[in-house]
Amino acid sequence: ARHLVAGGARRLLFYGFRDPAAIPPAGFAARYCYQTQIHEGFCEEAQTAGLSAEDVRVVFDAPPDTESALAAALRDGYHAVFCMGDFRAARVYQAAAQHGLRIGAELQVMGYFDTPWSEAFQPALTSVSIDEANLAAAAAAALAEGWQGRTVMIAPRLVERASTRSA
């Protein structure tokens, strides 16, 4: 959210994979998945930037409704999209083309996980890397050294590409 707002966005769309309210109550872990944490952080950053709750909309994967929800958000002026997973950007790019919006100039799009999908899109997709190499190194060290009860934080990093840069 911070990156999108810094690029001039004033209405943000969070495109996620599952509405937490739709998850059957099977305990805290099932209801409070990592997407929920990311969404909360996204909203906090938007609020810190001075955006209101109405300035942040959420769309969840629920085909065939996803396409109409994305189209409605673009019509309503939500021209900055964070996709919970790089591959979700494909639907956003399609919706942008249908509305005549240029990615990077009129519509900012970000992904998550920084997978090979990121560079396959045209223009290439800005994405958040979870830094898998450092995660693997920390996991190996934890096993080798027998870490117990230790919390380890591997900071994500932004990999900026053309999808959030004005042409």
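Helices and strands here are runs assigned by DSSP, at least four residues long for a helix and at least two for a strand, and they are numbered from the N terminus. Keep that in mind as we walk through this structure, which is a predicted model.

Let's start with the strands, and with β1 in particular. Buried means under 20% relative accessible area. Five of the five residues of β1 are buried, so the strand is largely enclosed by the rest of the structure. Now look at where its side chains go. In a regular strand the side chains alternate between the two faces of the sheet. Sure enough, Leu12, Phe14 and Gly16 point one way from β1, while Leu13 and Tyr15 point the other way.

Who are the neighbours of β1? On one hand there is β2, residues 56-60, which pairs with β1 in the parallel sense over five bridges. If you want a spot to look at, find Phe14, which stands opposite Val58 in β2. On the other hand there is β3, which also pairs with β1 in the parallel sense, over three bridges. Here the residue to find is Tyr15, whose bridge partner in β3 is Cys83.

Move along the chain and you meet β5, residues 126-129. Its side chains split between two directions as well: Thr126 and Val128 go one way, Ser127 and Ser129 go the other, and all of them are buried. β5 runs parallel to β4, with three bridges joining the two, and Met110 stands opposite Thr126. With β6 the direction changes, as β5 and β6 run antiparallel, again joined by three bridges. In that pairing Ser127 stands opposite Val159 in β6.

Next, the nonpolar cores. In soluble globular proteins, nonpolar side chains tend to be buried together. In this model the largest nonpolar core has 20 residues, and Val92, Leu107 and Val109 have the most contacts inside it. Several elements give two or more residues to this core, namely β1, α4 (65-75), β3 (80-83) and α5 (89-98). Its largest share, five residues, comes from α5. Apart from this core lies another one, of 17 residues, with Leu12, Phe82, Met84 and Val128 among them.

Val109 is worth a pause. Leaving out residues up to four places away in sequence, Val109 touches a list of residues that includes Val81, Cys83, Ala89, Val92 and Leu125. Thr126, which you met as the partner of Met110, is also one of the residues that Val109 touches.

Not every residue of α5 is hidden, though. Take Ala90, which sits in this helix. Ala90 counts as partly exposed because its relative accessible area is 23%, and the buried class stops under 20%. Its C-alpha atom is 9.2 Å from that of Trp117, which is 27 residues apart from Ala90 along the chain. Gln94 is found in α5 too, and this residue is partly exposed with a relative accessible area of 48%. From the C-alpha atom of Gln94 to that of Leu125, 31 residues apart along the chain, the separation is 14 Å.

What about empty space? Rolling a probe the size of a water molecule over the atoms shows where empty space is left. The largest pocket has a volume of about 620 Å³. Of the 17 residues lining this pocket, the closest to its centre are Ala1, Ile38, Tyr112, Val128 and Pro156. The elements giving two or more residues to the lining are α1 (2-6), α3 (34-48), β4 (108-112) and β6 (157-159). The largest share, six residues, comes from α3. By type, the lining divides into eleven nonpolar, three polar and three charged residues.

Finally, a few backbone details in the loops. Phe113 lies in the loop between β4 and α6, and its phi is positive, about 105 degrees, although it is not a glycine. Phe113 is partly exposed, with a relative accessible area of 28%. Asp114 is in the loop between β4 and α6, and it has a positive phi near 50 degrees, again in a residue other than glycine. Further on, the peptide bond from Gln122 to Pro123 is cis, with omega near -5 degrees. You'll find Pro123 in the loop between α6 (117-120) and β5.

Methods
Residues numbered from 1 in each chain as written. Predicted model: local features only at pLDDT ≥ 70, side-chain atom pairs only at ≥ 80, totals over all residues. Heavy atoms only, no water. 1 Å grid on protein atoms, 1.4 Å probe; cavity = no way out; pocket = protein on both sides within 12 Å on 5 of 7 lines; lining within 4 Å. Points joined across faces, edges and corners; volume = space filled by probe spheres on them. Nonpolar A, V, L, I, M, F, W, Y, C, P; charged D, E, K, R; others polar. Core = buried A, V, L, I, M, F, W, Y, C linked by side-chain atoms within 4.5 Å. Buried < 20%, exposed > 50% of the residue type's maximum accessible area, 1.4 Å probe, protein only. Contact = heavy atoms within 4.5 Å. Pairing = 2+ DSSP bridges.
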